[in-house]
Amino acid sequence: MSALPITSVFNDGYVAEAYETYRRDPSAVEESWRQFFRFAESLSGGAPAAVAGTDARLLRKAAGAAALAASIREYGHLAVALDPLGTPAPGAPELTPEFHGITAADLAEVPAAALEGVTTIDHGGRTAADVIAVLQERYCGGIAFEFEHLGEEAERAWFRHAVESGEHTPAITADEKRKLLERMTQVDGMERFIGRAFVNAKRFSIEGVDALVPMIDEALAGSGKAGTTAAVIGMAHRGRLNVLAHALQKPYATIFREFAGKHDQTNSASGTGDVKYHLGYRTTREFDNGARVETLLVPNPSHLEFVNAVLMGVSRAMQRTPAGRDENRVLPIAVHGDAAFPGEGVVTETLNLSLLRGYRVGGTLHLIANNQVGFTTDPSDSRSTHYASDPAKGFDVPVMHVNADDLESCIHAVRIAVAYRQRFAKDILIDIVGYRRHGHNEADQPAFTQPTLYDVIRTHPTPREVWAARLVRERVVTEEDVAAIDRRFAERLQAEHDQAQQAGGDKSHTDDAKAPATPAAVETAVRAEELASLNERLLVWPEGFSLHATLQRTLPRRREALTAKGIDWGHAEALAFAALLVEGTNVRITGQDAERGTFSHRQAVLHDVKSGATFTPLGALKQDGAGVFEIYNSPLSETAVMAFEYGFSTAAPRDLVLWEAQFGDFANVAAPIIDQFIVSDRAKWGLDNSLVLLLPHGYEGQGPEHSSARLERFLQLAAEGNMVVAYPSTPAQYFHILRRHVRRAERRPLVLMQPKSLLRLPEAASALEDLAAGTFRPVIEDAVARPEDVRRVVLCTGKVYYDLVAQRADAAHVAIARVEELYPWPHEAIAAAIDRYPNVDEVVWAQEEPKNMGAWTYVSPRLKATTGNLLTVRYIGRPERASPAEGYKNTHDVEQARIVRDVLAPLPVSRKAKAGSR
């Protein structure tokens with residue numbers, strides 16, 4: 001039967017039918033009916049026949065009371081006065097007795113026992129009116145709760161008990177209140193002082209959501225008491241300086257020096273650095289409860305929410321222990337903006353990571369610093385939801401809303417949040433509803449766009465004044481105490497400012513960017529015997545494991561490949577990973593379909609075709625001293641997953657951390673992570689990351705979006721030795737560059753253009769000796785051409801090389817060399833390759849990509865410099881185009897053939913030959 005609410009229908013026949021359904025399965029009827037029948041059975045002694053004779057009038061009132069109690073839980077948040085500026089709560093009709101067919105007077109007639117099972121409140125001998133009053137106080141008072149959407153009843157029950165019992169929200173003591181007043185004075189006093197000392201300087205002040213700082217304090221202290229030893233915070237610029245100064249204890253004098261243009265050495269040799277409200281910081285906090293928490297604020301550019309996944313990656317890496325992972329060890333805290341949280345898609349991507357096995361961090365504490373305006377945009381124009389936090393509910397995240405002027409409720413909300421994370425290891429969100437006292441920045445005029453709002457803000461007391469006034473009313477402090485606390489702190493700031501003024505100048509700036517030093521050579525070869533042994537271990541799976549028939553045939557061929565010079569790309573990668581693991585290096589690789597590989601080349605995770613069980617051969621290599629192997633298929637996300645892996649690599653600098661694109665061009669979606677984090681973090685923040693980007697690239701006629709990984713973008717971003725950009729053309733080259741990357745002392749990102757059609761191309765395969773000897777070669781010279789016959793030296797990268805050599809039979813005048821590493825530019829190796837040919841007339845750069853894409857615009861000036869401008873340097877490839885590749889296979893084939901033809905075409909009689917004939 002349909003489980004209609006009891007207030008919707010009250011027909012004797014329907015009641016009888018509902019009761020029979022309830023007797024068979026109580027969960028089959030709506031909660032108000034369950035409570036109705038429980039109460040009726042209690043009155044009738046539990047005899048089914050007597051239930052129908054129970055006082056129907058009283059039962060109706062009991063059922064209405066039960067329905068009202070349930071509604072208060074579900075809709076009570078709509079009655080909480082959340083806006084410190086006085087906007088009334090919207091309320092909801094479901095919160096009135098009349099909506100449920102009863103009156104307030106009826107509640108007084110119903111025994112409290114009628115609500116047993118509906119609430120966790122101790123009923124005693126009271127009436128339903130007493131219980132409803134307590135529920136209204138708990139759910140419609142200081143904190144607005146949203147948890148009835150949670151999928152697990154255990155979590156909903158936990159929240160009901162937490163809210164209704166008050167277990168996690170004991171009254172704040174007088175001593176705690178005084179300490180909070182001192183903290184709020186520091187938060188507010190710093191903003192006022194900077195406003196006076198550095199007039200019109202941008203600081204993106206916290207004013208209006210000042211409670212954020214003591215809430216972070218409470219989260220750190222509470223989690224630390226429960227065993228957390230570190231916290232990672234990510235946030236945008238709003239309030240960041242205050243969080244740096246107070247939550248992370250960055251010295252005031254340092255901040256004042258930065259306002260005066262005097263910076264500490266935190267960036268690269270060029271001195272580019274970053275603005276003060278983007279910088280990170282690390283410290284260790286000690287609390288009165290004995291907790292000691294290492295606290296890290298992750299640097300963040302102006303792409304407000306992109307740091308969220310970064311801080312999760314950092315947290316995941318820091319949670320690793322010799323015994324595995326300890327999620328309680330590290331608390332991630334993400335501070336959001338109210339416009340950015342629903343507005344930026346990376347938020348949703350990051351929330352989606354929260355419970356995935358490859359990315360979970362035991363729950364992130366999300367705090368929305370809710371200004372009720374985004375730059376100059378009102379909420380009605382910036383989101384389609386009632387609350388800024390609503391997207392989180394789609395990911396089973398409980399939400400609490402608090403009035404930023406109600407500091408006690410803010411602290412209580414954090415205590416509940418910490419307890420929930422400790423119990424369920426899941427994300428939780430607190431929406432701190434405040435305001436922004438100034439414009440978007442302190443030089444901005446907010447009255448241009450929100451005149452009435454700022455008329456209210458102008459006369460509204462600050463959060464510190466609100467809290468101080470409350471403590472004065474409660475006789476916790478006097479007005480003189482409040483003034484004295486403020487005065488003492490102002491004097492301290494003035495002293496810190498005076499000290500900063502006397503400090504020296506900027507220690508980091510220099511007009512001359514130093515050229516990056518050439519990294520020292522490292523050994524990357526692995527003995528053939530060791531590789532053979534590892535190969536055997538990777539071809540063993542559990543007894544009775546039913547492998548797919550195709551893999552049963554193909555994987556064992558890797559034994560033959562060692563002696564038949566047939567090591568393909570996936571095979572070389574597996575050997576590189578295996579050798580690094582047994583040497584003690586941790587390896588982590590993620591991406592869409594990374595476990596199998598987009599092109600079925602990796603097969604790192606095997607699946608039993610009968611049971612569905614999985615087995616990871618590389619993971620089975622683990623032994624004492626060996627590294628940990630992690631491989632995960634990522635969600636259909638580029639931005640958040642790449643950001644996560646970037647963050648992981650900054651916190652695990654000696655690990656091999658790789659992100660693989662399904663197709664290289666998909667990395668375009670993560671451009672902010674590449675541009676603003678990966679390639680520039682060293683210059684801006686003094687950080688080093690070692691993330692490897694695997695980007696399938698190559699023109700096989702698969703259309704514009706499955707061809708180009710936008711090599712040109714990475715080369716445009718290359719400077720100051722900030723990364724390595726390479727396009728290896730053989731499995732052995734790939735093997736060696738991965739090992740070189742790990743073994744180098746310098747930690748830099750590695751961007752690898754990866755093959756598609758070359759993955760199993762016999763001509764591209766490598767021999768065992770290629771892996772067991774040598775190292776990565778930035779340039780591979782032509783091993784076939786006779787130097788005295790060559791008049792055209794062709795330089796190229798990647799797949800096009802194999803297209804060219806396949807057609808070169810009669811082109812003795814052409815030598816084809818491969819540039820495997822584009823940045824840093826291998827000047828000496830290229831010069832040596834060209835100097836081998838005494839009769840050369842021209843140097844050609846050949847590429848598949850259009851002229852305005854690929855490597856040409858980067859290569860052209862460097863190649864001319866390498867040749868000393870003594871030779872003609874010419875381009876052969878596709879003409880300039882708006883789209884990276886043809887959309888039709890036949891058109892692609894024609895154009896590809898034309899490029900090959902032009903490269904191998906005969907030259908006219910050389911100038912040297914003409915001179916000799918005269």
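**Close-up views of a predicted model**

**View 1. Gln603 sits in a loop, tucked away from the surface.** With a relative accessible area of 16%, Gln603 is buried, because anything under 20% counts that way. Keep in mind for this and every other view that the model is predicted. Gln603 belongs to the loop that runs between strand E11 (587-591) and strand E12 (606-607). What does Gln603 contact, once its neighbours within four places in sequence are left aside? The partners are Leu551, Glu595 and Arg596. Gln603 turns up again in View 2, as one of the lining residues closest to the centre of the largest cavity.

**View 2. The largest cavity holds about 170 Å³ of space.** Its lining takes in 16 residues, and those closest to the centre are Leu538, Arg558, Ala574, Arg602 and Gln603. Which elements supply at least two lining residues each? They are helix H21 (528-538), helix H24 (569-582) and strand E14 (629-633). H24 gives the most, with three residues. Sorted by class, the lining has eleven nonpolar residues, plus three charged and two polar ones.

**View 3. The second largest cavity comes to about 50 Å³.** Here the lining is made by Trp569, Phe599, His601, Arg602, Glu660, Pro696, Gln754, Pro755 and Leu759. Five of these lining residues are nonpolar, two are polar and two are charged. Arg602 is worth picking out in this view: it lines the second largest cavity, and it is also among the residues closest to the centre of the largest one. If you go looking for other holes, the structure has three cavities of 30 Å³ or more.

**View 4. Leu367 and Ile430 are the best-connected members of the largest nonpolar core.** That core has 123 residues, and these two touch the most other members. Helix H17 (residues 407-424) is the top contributor to the core, giving eleven residues. Separate from this core there is another one of 77 residues, including Val314, Met318, Tyr359 and Val361.

**View 5. A look around Ile430 shows who its partners are.** Setting aside neighbours within four places in sequence, Ile430 is in contact with Leu365, His366, Leu367 and Ile368, among others. The list of its contacts also includes Met400 and Val402, along with Met215. Ala413, Val414 and Ala417 complete the set of Ile430 contacts.

**View 6. Cys140 and Cys410 are both without a disulfide partner.** How many disulfides does a search of the whole structure find? The count is zero. For Cys140, the nearest cysteine sulfur is that of Cys410, 18 Å away, and Cys140 is in no disulfide. Cys410 is in no disulfide either, and its nearest cysteine sulfur is that of Cys140. A disulfide needs two cysteine sulfur atoms within 2.5 Å, so a separation of 18 Å rules this pair out. Is Cys410 buried or exposed? Cys410 is buried, because its relative accessibility is 0%.

**View 7. Zooming back out gives the overall picture.** The protein has 918 residues, and 57% of them are buried. Its secondary structure adds up to 35 helices and 24 strands. Along the principal axes, the C-alpha atoms fill a box of roughly 120 × 75 × 50 Å. Of the contacts between residues at least 6 apart in sequence, 78% link residues at least 24 apart.

Notes:
Residues are numbered from 1 along each chain as its sequence is written. This is a predicted model: local features need pLDDT of at least 70, side-chain atom pairs count only at pLDDT 80 or more; totals for chains, interfaces and linings use all residues. Side-chain values use heavy atoms; hydrogens and water are left out. Buried means under 20% relative accessible area, exposed over 50%, partly exposed in between (1.4 Å probe, protein chains only). A nonpolar core is a set of buried Ala, Val, Leu, Ile, Met, Phe, Trp, Tyr and Cys residues joined through side-chain atoms within 4.5 Å. Helices (H or I, at least four residues) and strands (E, at least two) are DSSP runs, numbered from the N terminus. Contact means heavy atoms within 4.5 Å. On a 1 Å grid over the protein atoms alone, a cavity is a set of points where a 1.4 Å probe fits but cannot get out, and a pocket is an open set with protein on both sides within 12 Å along at least five of seven lines; lining residues have an atom within 4 Å of a point. Grid points are joined across faces, edges and corners, and a volume is the space filled by probe spheres set on the points. Ala, Val, Leu, Ile, Met, Phe, Trp, Tyr, Cys and Pro count as nonpolar, Asp, Glu, Lys and Arg as charged, and the others, Gly among them, as polar.
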